[in-house]
Amino acid sequence: MSNWRDNVRKVVPYVPGEQPNQPSMIKLNTNENPYPPSPEVQEALKQFPAERLRLYPDPTAAVLVNEIASYYKVKPAQVFAGVGSDDVLAMAFMTFFNSETPILFPDITYSFYDVWAEEFRIPYTRIPLDENFCIQPDDYKRKNGGIIFPNPNAPTGAELSQRAIEEILQENPDVVVIVDEAYVDFGAESALPLLEKYENLLVVQTYSKSRSMAGMRIGYCIGNEELISYLNDVKYSFNSYTMDQLTLATGVAAIRDDAYFKRTTGAIVETREWAKGEFRRLGFTFADSKANFVFVSHERKAAKEIYQALRERHIYVRYFNKERIDNYLRITIGTRDEMEALFAALKEILG
Ligand code: PMP
């Protein structure tokens, strides 16, 4: 009997939301943006000379890094770009979380964190959210090997104030603190201004939600130059060419069209605020969301049943069969029309 299996790294993988492909579906299950990317992105695609694909892309991704740096008014040496923020986060786990003391993250949060921790053999402790599904800064005042949390949190949508984030930073100068701002552009306050005071802060953002480009895979993080240089060293020791030529070209075009970005994120925030009233009227409760989704629970009907009934109508929302949250649905904010169709279906289902 051969025993090569003894040396396999066995992991329980992260399960992404499904990507069904039906003609008339309403897809509110993976927090994608219902609006297309900026027309400038389409233009960049049209203009792109296929001939250029002969060459390797610039391993430093300089055009994109420079554009992101100028947008956020930081130095290019403070920006690191990757293949979606999942790639940036995975690199950051590898680079910064090498202590034998457990890293900390909330018990209800992005379910990729424990997958990376397991994969890279990083010890971790899950810190329970309070009964209102909020992060309590006091819970992060204990010895640890690093801290990560999304702001707003996923899947709850709840925002942590900048003051609370600063409290966590003040208490933890000896570890890297990562704030995952995948959803920050829908009305929450970014931790970016805190970079001036805290050299151990890393802020991670993505094009997947607010810039309507989940299909292109662009994420980035901003931190002090030394943190970013360690991240680049790890990247170059893994795969130098993470950002391909088309990604670089479309990524630059998207961030330049700030008017479109503000208009579309503004429309989603407006739809979300209207939708909150509709959810309330139908008997749903939820934490106040600052993201492009709401995390709702119904007073009478089980989340799983609602999920299935919606699915039969080709409306896809996300259900997590997990302790503490198995009576909740995470529903992405779509266009006003999509949300109206959702509420019409919910009225039928709830009777
Ligand atoms: N962080 C959080 C909190 C998320 O919900 C997601 C989306 N699954 C990501 C990061 C990763 O997004 P992407 O890789 O598309 O940038």
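Four bridges join strand S6 to strand S7 (residues 201-206), and the two strands run parallel; here strands (E, at least two residues) and helices (H or I, at least four) are DSSP runs numbered from the N terminus, and two strands pair if DSSP finds at least two bridges between them. The model is a predicted one, in which local features need pLDDT of at least 70 and side-chain atom pairs count only at pLDDT 80 or more, while totals for chains, interfaces and linings use all residues. Residues are numbered from 1 along each chain as its sequence is written, and side-chain values use heavy atoms, with hydrogens and water left out.

**The parallel strands around S6**

Within the pairing of S6 and S7, the bridge partner of aspartate 180 is valine 204 in S7. S6 also pairs with strand S5 (residues 147-150), again in the parallel sense and over four bridges. The chain passes from S5 through helix H5 (residues 162-171) to S6 in a right-handed β-α-β crossover, where right-handed means that, with the strands pointing away from the viewer, the path from the first strand over the helix to the second runs clockwise. Along S5, isoleucine 147 stands opposite valine 177 in S6, and phenylalanine 149 has valine 179 of S6 as its bridge partner.

S6 (residues 177-180) is covered on both faces, since Val177 and Val179 on one side and Ile178 and Asp180 on the other are all buried, a term that stands for under 20% relative accessible area, with exposed over 50% and partly exposed in between (1.4 Å probe, protein chains only). S5 is likewise described by two directions: Ile147 and Phe149 point one way, Ile148 and Pro150 point the other way, and all are buried. Which residues of H5 are buried? They are Gln162, Ala164, Ile165, Glu166, Ile168 and Leu169, and these buried residues pack against S5, S6 and S7, with contact taken as heavy atoms within 4.5 Å. An α-helix has 3.6 residues a turn, so residues three or four places apart point the same way.

The loop between S6 and S7 holds lysine 197, which counts as exposed because its relative accessibility is 59%. Lysine 197 and proline 13 are 184 residues apart in sequence and, C-alpha to C-alpha, 36 Å apart in space.

**Other strand pairings**

Strand S3 and strand S4 (residues 124-127) run parallel and are joined by four bridges, with arginine 126 in S4 as the bridge partner of phenylalanine 105. Together, S3, H4 and S4 make a right-handed β-α-β unit.

An open sheet of four strands has the order S9-S10-S13-S12 and antiparallel pairing. Its edge strands, each of which pairs on one side only, are strand S9 (284-286) and strand S12 (318-319). S9 pairs with strand S10 (residues 293-298) in the antiparallel sense over three bridges, and phenylalanine 284 stands opposite histidine 298 in S10.

| Strand pair | Sense | Bridges |
|---|---|---|
| S5 and S6 | parallel | four |
| S6 and S7 | parallel | four |
| S3 and S4 | parallel | four |
| S9 and S10 | antiparallel | three |

**Pocket and cavity**

Empty space was sought on a 1 Å grid over the protein atoms alone: a cavity is a set of points where a 1.4 Å probe fits but cannot get out, a pocket is an open set with protein on both sides within 12 Å along at least five of seven lines, and lining residues have an atom within 4 Å of a point. Grid points are joined across faces, edges and corners, and a volume is the space filled by probe spheres set on the points.

The largest pocket holds about 940 Å³ of space. Of the 40 residues that line the largest pocket, Tyr14, Tyr110, Ser111, Arg318 and Arg330 are the closest to its centre. Helix H3 (84-96), strand S3 (103-106) and helix H4 (113-119) are the elements that give two or more residues to this lining, and H3 gives the most, with four residues.

One cavity of 30 Å³ or more is present, and the largest cavity has a volume of about 60 Å³. Residues that line the largest cavity include Pro37, Ser38, Ser210, Arg211, Tyr260 and Phe261, and helix H8 (residues 258-281) gives the most to that lining, with three residues.

**Cysteines**

The structure holds zero disulfides, a disulfide being a pair of cysteine sulfur atoms within 2.5 Å. Cysteine 134 is partly exposed, at 29% relative accessible area, whereas cysteine 221 counts as buried because its relative accessibility is 0%.
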